[in-house]
Amino acid sequence: STDRFYYWLYQIKKSKHLLIPENGERIFSTTYVFDLVKTIVHLIQKDIENEIFNVVSLPENSIKEIVEAATLHLNTKPKMVNAPAEFLMENDIHQWTDIPLWLNADYFTYSNQKLKTQLHFEPTDLNQSVGETISYFESINWPEPKFGIPESRKSELINLLTS
């Protein structure tokens, strides 16, 4: 509902310039929805109760990796403009909401080792999950994201960084 992942796909599909916080290198975990569903079904079928698992497809992922995978699938080459964290904060840009998936730290990561060991979980790789997600949004004609900074504000910040 917050367009965290979709925001980036939409930007890559529709924009000539991407405002990338901290070169897109901050690390966080991501979960592909079909991996979550597959795990839930597996737990129900095996009647596994009272266990806690981190359902994480990629324990360490970044905006940069998402951008790289999506540009290949979408055959686009938007110009990436680095935005240092200090610049974003000085310009009243908020982590996570104004620029989805961006946190000014590398602390939003979780291990999937227990899931892989005990349930023999095989996560979907980033390239496949990005491709399947792009196909879905292609089928619904790329609606405008509800979250993230408006295009006009993004352009204003890019102009400040590049002038």
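1. Helices and strands here are DSSP runs, numbered from the N terminus. With that naming, Glu 22 sits in the loop between E1 and E2. The model is a predicted one. The points below start from the interior, move to the surface and the charged pairs, and end with single residues.

2. The largest nonpolar core holds 34 residues. Those touching the most other members are Trp 8, Leu 9, Leu 19, Ile 63, Leu 88 and Trp 142. Many elements feed this core. Two or more residues come from each of helix H1 (4-14), strand E1 (17-21), helix H3 (63-74), strand E4 (79-83), helix H4 (85-90), helix H6 (126-139) and helix H7 (151-162). Another core lies apart from it and has five residues. Phe 53, Leu 115, Leu 119 and Phe 121 are among them. As background, nonpolar side chains in soluble globular proteins tend to be buried together.

3. Leu 9 is a good place to look inside the main core. Beyond residues up to four places away in sequence, Leu 9 touches Ala 70, Leu 74, Val 130, Thr 133, Ile 134, Phe 137 and Trp 142.

4. Trp 142 deserves its own look. This residue lies in the loop between H6 and H7. Is Trp 142 buried or exposed? Its relative accessibility is 5%, so Trp 142 counts as buried. The backbone is worth checking too. Phi of Trp 142 is positive, near 50 degrees, and the residue is not a glycine.

5. Helix H2 covers residues 33-45, 13 in number. From first C-alpha to last, H2 reaches 18 Å, close to the 18 Å expected at 1.5 Å a residue. Asp 47 follows H2 and has a positive phi, near 55 degrees.

6. Which residues make the nonpolar surface patch of about 350 Å²? They are Val 33, Phe 34, Val 37 and Val 41. Val 41 belongs to helix H2. With 38% relative accessibility, Val 41 counts as partly exposed, because that class runs between 20% and 50%.

7. Now the charged pairs. Side chains of opposite charge can pair when their charged atoms come close. The model has eight salt bridges. One of them joins the side chains of Glu 22 and Arg 26, at 3.2 Å from N to O. Glu 22 counts as buried, at 17% relative accessibility. Arg 26 is partly exposed, at 25%. Phi of Glu 22 is also positive, near 50 degrees, in a residue other than glycine.

8. Glu 25 and Lys 64 form a salt bridge through their side chains, 4.0 Å from N to O. Glu 25 lies in the loop between E1 and strand E2 (27-30), and Lys 64 in helix H3, so the pair ties together parts that are 39 residues apart in sequence. Both ends are partly exposed: Glu 25 has 45% relative accessibility, and Lys 64 has 35%.

9. A further salt bridge brings together the side chains of Lys 114 and Glu 51, at 3.0 Å from N to O. What does this pair link? It links distant parts of the chain, 63 residues apart. Lys 114 is in helix H5 (residues 113-119), while Glu 51 is in the loop between H2 and strand E3 (58-62). Lys 114 is partly exposed, with 34% relative accessible area. Glu 51 is partly exposed as well, with 42%. Elsewhere, salt bridges that share partners join Glu 22, Arg 26 and Asp 106 into one network.

10. Thr 31 lies in the loop between E2 and H2. Its relative accessible area is 38%, so Thr 31 is partly exposed. Outside its neighbours within four places in sequence, Thr 31 is in contact with Leu 36, Val 55, Val 56 and Ser 57. For a sense of distance, take Asn 82, which is 51 residues from Thr 31 along the chain. Their C-alpha atoms are separated by 26 Å.

11. Asn 112 is found in the loop between H4 and H5. With 5% relative accessibility, Asn 112 counts as buried. Which residues does Asn 112 touch, not counting residues up to four places away in sequence? They are Asn 54, Val 56, Ser 57, Pro 59, Phe 121 and Pro 123. Of these, Phe 121 also belongs to the core of five residues.

Methods. Residues are numbered from 1 along each chain as its sequence is written. This is a predicted model: local features need pLDDT of at least 70, side-chain atom pairs count only at pLDDT 80 or more; totals for chains, interfaces and linings use all residues. Side-chain values use heavy atoms; hydrogens and water are left out. A nonpolar core is a set of buried Ala, Val, Leu, Ile, Met, Phe, Trp, Tyr and Cys residues joined through side-chain atoms within 4.5 Å. Buried means under 20% relative accessible area, exposed over 50%, partly exposed in between (1.4 Å probe, protein chains only). Helices (H or I, at least four residues) and strands (E, at least two) are DSSP runs, numbered from the N terminus. Contact means heavy atoms within 4.5 Å. The expected span of a helix is 1.5 Å times one less than its number of residues. Patches are made of residues with over 30% relative accessible area and no salt bridge: like charges are joined within 9 Å, nonpolar side chains (Val, Leu, Ile, Met, Phe, Trp, Tyr) within 5 Å. Accessible areas come from the Shrake-Rupley method with a 1.4 Å probe; for residues, only the protein chains shown count as cover.
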